[in-house]
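Student: I've got this one open on my screen and I'd like to talk it through. Can we go piece by piece?

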Amino acid sequence: MPELSLLDGVDDIRWLELRHAYGGAGDVPALLRALAFEPGGAGEAFDTLCSSICHQGSVYSATPYVVPFLARIAAAGIRTVMVLGLLGWIADSDDARGLEVPGAARAAVAGQIGVLAPLLADPDAEVRATAVWALTQCQAADRLVPLLRERWDAETRPTVQATVLKALSVLDPGGAAGIAEGVLDGSADSGLRLMACAACVAAGMDWTGRLHEGATAWMADGDLLPGFFWGDRDPFSDLVIALAAHGHPGAVLRLVVTGLTGPVAGGVRKKAAWAAGELAEGYRSPAAGLVAPLAAVAGDDDAGPAAISLLRKLAGVPATVRAFAAVAGQLAAVAGLRGPGRRADQALAWLIELGDPRAAGLLARDLRHRPFALDAATSAARGRPGPPLPFDPVLLAAVRARLRADDMDHNSQVFLLTLLPAWGPAAAPAIPEVLAMVRRNPLGAGGALASIGGPIPAATEALSRAAATGTVARRLHAATTLRSLTGDDEPLLATVEHGLRQRAMSCGPPPRPRRHSAARPGAWCPP
Amino acid sequence: MPALTTALHATAGQDATTPDIDARIQLALALWQHAGDTAPVIPVLAEALSRNQRRLTRWTAIHAADAAAEIGAPAKPLIPAILPLLDDPAQCPAAVRALLRIDPGSQGGTDLAVLADRLVTTVGTDCGAQHRAVAALGELGPARLPPAAVTRLRRLAEQDQRIIHSGLLTDIIRNDEKLRTAIRQLLDQQG
């Protein structure tokens, strides 16, 4: 297509008066030209256009004016899949910023249905599927349903068929259910059968054994619609959430549990664990019923990390207490796996969050390889939910050894200096190791020394140094701790005065001291 | 005190940014806490409330309403600027608390039933202020809640779909459960 017809009229638009995410839209014509006519610069131009006119789902006053040019570019076969994707996201946006007419961006894409419709029959299956998704976001059912039905009749690729069926279930649920019944009666691809079940749910049909069978058929080989794209949604998770939303709590739990513990192909359990996560984050009633199946796959290489991650989120939920008591042994076995490994780390974090007495010993044994567990162990000291990890002499010895190690990263250092103060004077044997860290981290080490040993000179010196250097927020933290420890107001007043002199006061209120009462300066209280 | 006053003046002006205004609120409040003089603080809070543009300065307006609540009755001139905050679910709890502290007798001329209704809407909206809304309903007086508000709260406490969907990924489920517990505890106080 010659330049004139692709970008015809681009210079008639007053781009300087329009805006996108980064300000004035004066750069849009050059970006469109680069996208359409400069193969070497098209990729970068497309990326810049994307983030400018549809930034993280937001659209702007320039966006509707760009749409007709994008539609022509896509129809001309230039980066068609990517440009169709952008048009779909524009039509999908619910966050308009500075648009003259509400809904103008979606309407602009709908206005290009005639230009884009031929792509529904493109020889490339990915183009056809992306065109179906993008056009569906326009929500123009009257114009799109006939086109989609025509595509359904002609389409032979299961992934594109599933995309068309999904589109029809959004725009014409009743009609889609009729098509879905036909799919379930035949011997269609297992992924397409799942999509047919989803169409039945969307149409408000009852969930039956036939639908359960159709929705789990894909689990035998684990191949669920390769290349399927519907925004950022997974077809199985989508069905799970739709079932829950239509009030089928028993059916949805059975479906997820089948994926987690049934005789399924590789990769299915992981997908089921992710769907279980979406379900538990969206609805309350499945929580207790998910605990045992998730624990059963906690040691699984594939699904284990997702399963344990979800179990941690469910810990503390009243309805799950009994179910957790029944599986504690299973999870302790996973936490007991030696050496590096996310499963063991997450399982140990879970044990810590539950206050399990086995936790401290397991953490001591593999402290270096347990960042999640160390994070959980210091949650309470950082004001986050969770029980404090009680003092344990074996763990203290491990912490001391770790503090002496050369390979300790900054996060571990911070966590360990947070863990020790929670034990108060019982952590006194670690004072030499903490003293060795004062030069590198006067605030963290000084605070730890103060909690362990009270107003000892090493603590007050370190905190005094921290109160006189660094950012205002860190100075305030140090000076507040110092005041709590010694009752001396002067360093805090000097720090406040210093902060007030800074024109850009970027700090918030000073953090509350954790173990020392600001109301009773000088009153040092062992934990 | 001179340093507080200097910093307050240094952050003034037409080109003041949102962090500048946040800082001014805290500076003015500190001056009021130490000197007890409302003269410098009311204009600062009025300015912060007048710049309220939901998305960009939502939390600044909340901080201003919180400061007004702390000041209490002397902040009465701010009531007209606080009332629009009732329309935004995220700002509503701070506005109600401010109205109750500034004007305990008539809540800035707003009916208790209206305040309760707005707060219950906040409880059911994933806006980061649900726990504050429950606390504000408690401050309003559990026994004084209109039957319609109680019915909606009961429904929210028991509904299967989670009310909280956002926040730190690891905390969403627990926060939702805590919210249900808080609502039930509020309803239990009805007597």
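Student: How many residues does the contact take from chain A and from chain B?
Tutor: Keep in mind that this is a predicted model. Helices H16 (268-282), H18 (304-314) and H29 (490-501) of chain A each give two or more residues to the side that touches chain B. As for the count, the contact takes 20 residues from chain A and 14 residues from chain B.

Student: And how do the residues on chain A's side divide into nonpolar, polar and charged?
Tutor: We're still on the side of chain A that touches chain B, which includes residues from helix H16 (268-282). The split there is 9 nonpolar, 4 polar and 7 charged.

Student: Which residues touch the most other members of the largest nonpolar core?
Tutor: That core holds 228 residues. Helix H12 (residues 190-202) of chain A gives the most to it, with 10 residues. The ones touching the most other members, though, are Leu87(A) and Leu294(A).

Student: What does Leu294(A) touch, leaving out residues up to four places away in sequence?
Tutor: Leu294(A) is one of the two residues with the most contacts to other core members. With those sequence neighbours left out, its partners are Leu260(A), Ala273(A), Ala276(A), Ala307(A), Leu310(A) and Leu311(A).

Student: Let's go to helix H8 of chain A. What span should its 12 residues have?
Tutor: H8(A) runs over residues 125-136. Its end C-alpha atoms are 17 Å apart, which agrees with the expected value. At 1.5 Å a residue, and counting one less than the number of residues, that expected span is 16 Å.

Student: Why is H8(A) largely enclosed by the rest of the structure, and what does it pack against?
Tutor: It's largely enclosed because 9 of its 12 residues are buried. Among them are Arg128(A), Trp133(A) and Thr136(A). These buried residues pack against helices H5 (80-92), H7 (113-116), H9 (141-154) and H10 (158-171) of chain A.

Student: I can see some strands too. In what order do the 3 strands of the open sheet in chain A come?
Tutor: The edge strands are E3 (54-55) and E5 (95-97) of chain A, each pairing on one side only. Strand E4 (residues 58-60) of chain A pairs with E5(A) in the parallel sense over 3 bridges, and Ser58(A) stands opposite Asp95(A) in E5(A). Pairing in the sheet is mixed, and the order is E3-E4-E5.

Student: Arg79(A) has a positive phi. Is Arg79(A) buried, exposed or partly exposed?
Tutor: Its phi is near 45°, and it's a residue other than glycine. Arg79(A) sits in the loop between helix H4 (63-75) and H5 of chain A. It has 19 C-beta neighbours inside 10 Å, and buried takes 20 or more, so Arg79(A) counts as partly exposed.

Student: And Gln107(B): buried or exposed?
Tutor: Gln107(B) isn't a glycine, yet has a positive phi of about 45°. You'll find Gln107(B) in the loop between helix H6 (92-102) and helix H7 (112-123) of chain B. With 21 C-beta neighbours inside 10 Å, Gln107(B) counts as buried.

Student: How far apart are the centres of the two domains of chain B?
Tutor: The domain assignment gives domain 1 (1-78) and domain 2 (111-191). Taken over C-alpha atoms, their centres are separated by 29 Å.

Student: How far apart in space are Gly167(B) and Ala3(B), C-alpha to C-alpha?
Tutor: Gly167(B) lies in the loop between helix H9 (147-158) and helix H10 (172-188) of chain B. With 13 other C-beta atoms within 10 Å, it's partly exposed. It's 164 residues from Ala3(B) in sequence, and the distance in space is 37 Å.

Student: Back to chain A: is Thr471(A) buried or exposed?
Tutor: Thr471(A) is in the loop between helix H27 (457-467) and helix H28 (472-486) of chain A. Its C-alpha atom is separated by 9.0 Å from that of Gly499(A), 28 residues apart along the chain. With 12 C-beta neighbours inside 10 Å, Thr471(A) counts as exposed.

Student: Last one: which residues does Ala479(A) touch, beyond those up to four places away in sequence?
Tutor: Ala479(A) lies in helix H28 of chain A. It's buried, with 27 other C-beta atoms within 10 Å. Its contacts beyond those sequence neighbours are Ala467(A), Pro491(A), Leu492(A) and Thr495(A).

Notes. Residues numbered from 1 in each chain as written. Chains lettered and ligands numbered in written order. Predicted model: local features only at pLDDT ≥ 70, side-chain atom pairs only at ≥ 80, totals over all residues. Helix = DSSP H or I, 4+ residues; strand = E, 2+ residues; numbered from the N terminus. Contact = placed C-beta atoms within 7 Å. Nonpolar A, V, L, I, M, F, W, Y, C, P; charged D, E, K, R; others polar. Pairing = 2+ DSSP bridges. Domains from an automatic or database assignment. Core = buried A, V, L, I, M, F, W, Y, C linked by C-beta atoms within 7 Å.
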